[in-house]
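I opened the notebook to log a set of look-ups on one model. The entries follow the order in which I made them.

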Amino acid sequence: MTDTDTDAAPGTDPLALARGILRAQPFSRLVGADVTAFGDGGATLELPIREDLRQQNGFVHGGVLSYAADNALTFAAGAVLGPSVLTAGYSIDYVRPATGVLLRARAEVLHAGRRQAVVHCRLLTVDEHGTETLCALAQGTVRAIG
């Protein structure tokens with residue numbers, strides 16, 4: 001999430017700030033990701049499931065799930081630690097193949113200190129009826145930099 005040039009001015013909408021930081025990431029633009037919730041130690045990242053994000057069996061590629069988890073974890077931590085943060089490490093467990101029309105990564109800070117946060121993320125797919133299905137879980141550590 002790091003972007004030292006986007007410190008929020010007083011009165012700036014935190015979600016708008018988060019979206020600006022996400023748009024500054026070329027890979028996030030490539031996959032079509034959007035931050036749909038941000039603040040109070042949480043963040044939600046969503047991206048449409050397109051054919052070119054699938055693997056050979058038709059499921060969303062694990063690398064796409066991993067990307068979503070990493071960014072959601074980092075944005076959630078950034079809501080607590082500030083915008084200059086980097087992922088120190090994370091693990092991900094895939095619990096079922098990801099199918100649907102939308103991938104949603106919902107992250108929340110479990111514990112935060114002055115310089116680092118431990119964050120949990122649920123990765124869900126959403127079908128054409130709006131039903132969410134859990135497909136992976138991730139947990140990571142995010143550190144403030146600078």
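Does E132 count as buried, exposed or partly exposed, and at what relative accessibility? I looked this up before anything else and noted that the model is a predicted one. E132 comes out as partly exposed, at 34% relative accessibility.

**Entry: salt bridges of E132**

I then looked for charged partners of E132. One is R104, with which E132 forms a salt bridge whose closest N and O atoms are 2.5 Å apart. E132 sits in strand β6, residues 132-144, and R104 in strand β4, residues 102-112, so this pair ties together parts that are 28 residues apart in sequence. R104 has 16% relative accessibility and counts as buried, because the limit for that class is under 20%.

A salt bridge also joins E132 to R106, and here the closest N and O atoms are 2.8 Å apart. This pair, too, links distant parts of the chain, with E132 in β6 and R106 in β4, 26 residues apart. R106 is partly exposed, with a relative accessible area of 34%.

I followed these contacts outward and found a network of salt bridges that links E46, R104, R106 and E132.

**Entry: the rest of the salt bridges**

How many salt bridges does a search of the whole structure find? The search returns 6. I noted one more of them, between R54 and E51, where the closest N and O atoms are 3.5 Å apart. R54 is partly exposed at a relative accessible area of 23%, whereas E51 is exposed at 62%. As a general remark for the margin, side chains of opposite charge can pair when their charged atoms come close.

**Entry: strand pairing**

With β4 and β6 already on the page, I went through the strand pairs. β4 pairs with strand β5, residues 116-126, in the antiparallel sense over 10 bridges. The two form a hairpin with 3 residues between them. Within this pair I checked two positions: L103 has T125 in β5 as its bridge partner, and A112 has A117 in β5.

β5 also pairs with β6, again in the antiparallel sense, over 11 bridges. β5 and β6 form a hairpin with 5 residues between them, and G130 in the turn has a positive phi of about 90 degrees. V119 stands opposite G140 in β6.

Which strand does β2 pair with, and over how many bridges? I found β4 as a partner, antiparallel, over 7 bridges. In that pair, T44 has R106 in β4 as its bridge partner. R106 thus appears twice in my notes, here as a strand partner and earlier in the salt-bridge network.

**Entry: a backbone check at D40**

I looked at phi for D40, which is positive at about 50 degrees although this residue is not a glycine. D40 is in the loop between β1 (34-39) and β2 (42-48). At 86% relative accessibility, D40 counts as exposed.

I also took one distance to G41. A16 and G41 are 25 residues apart in sequence, and their C-alpha atoms are 16 Å apart in space. A16 lies in helix α1, residues 14-23, and is partly exposed, with a relative accessible area of 38%.

**Entry: the nonpolar core**

Which residues have the most contacts inside the largest nonpolar core? The answer is L45, V119, C121 and L123, in a core of 41 residues. Two or more residues come from each of α1, β1, β2, α3 (62-81), β3 (85-94), β4, β5 and β6. The largest share, 11 residues, comes from α3. In soluble globular proteins, nonpolar side chains tend to be buried together.

I picked V119 from that list and wrote out what it touches, leaving aside residues up to four places away in sequence. The contacts of V119 are L73, A76, A77, A107, E108, V109, L110, A138, Q139, G140 and V142. G140 in this list is also the residue that stands opposite V119 in β6.

**Entry: closing notes**

I reread the E132 pages last. E132 has salt bridges to R104 and to R106, and the network that holds these three also includes E46. On exposure, R104 is buried, while R106 and E132 are partly exposed.

Notes:
Residues numbered from 1 in each chain as written. Predicted model: local features only at pLDDT ≥ 70, side-chain atom pairs only at ≥ 80, totals over all residues. Heavy atoms only, no water. Salt bridge = Lys/Arg side-chain N within 4 Å of Asp/Glu carboxyl O. Buried < 20%, exposed > 50% of the residue type's maximum accessible area, 1.4 Å probe, protein only. Helix = DSSP H or I, 4+ residues; strand = E, 2+ residues; numbered from the N terminus. Pairing = 2+ DSSP bridges. Core = buried A, V, L, I, M, F, W, Y, C linked by side-chain atoms within 4.5 Å. Contact = heavy atoms within 4.5 Å.
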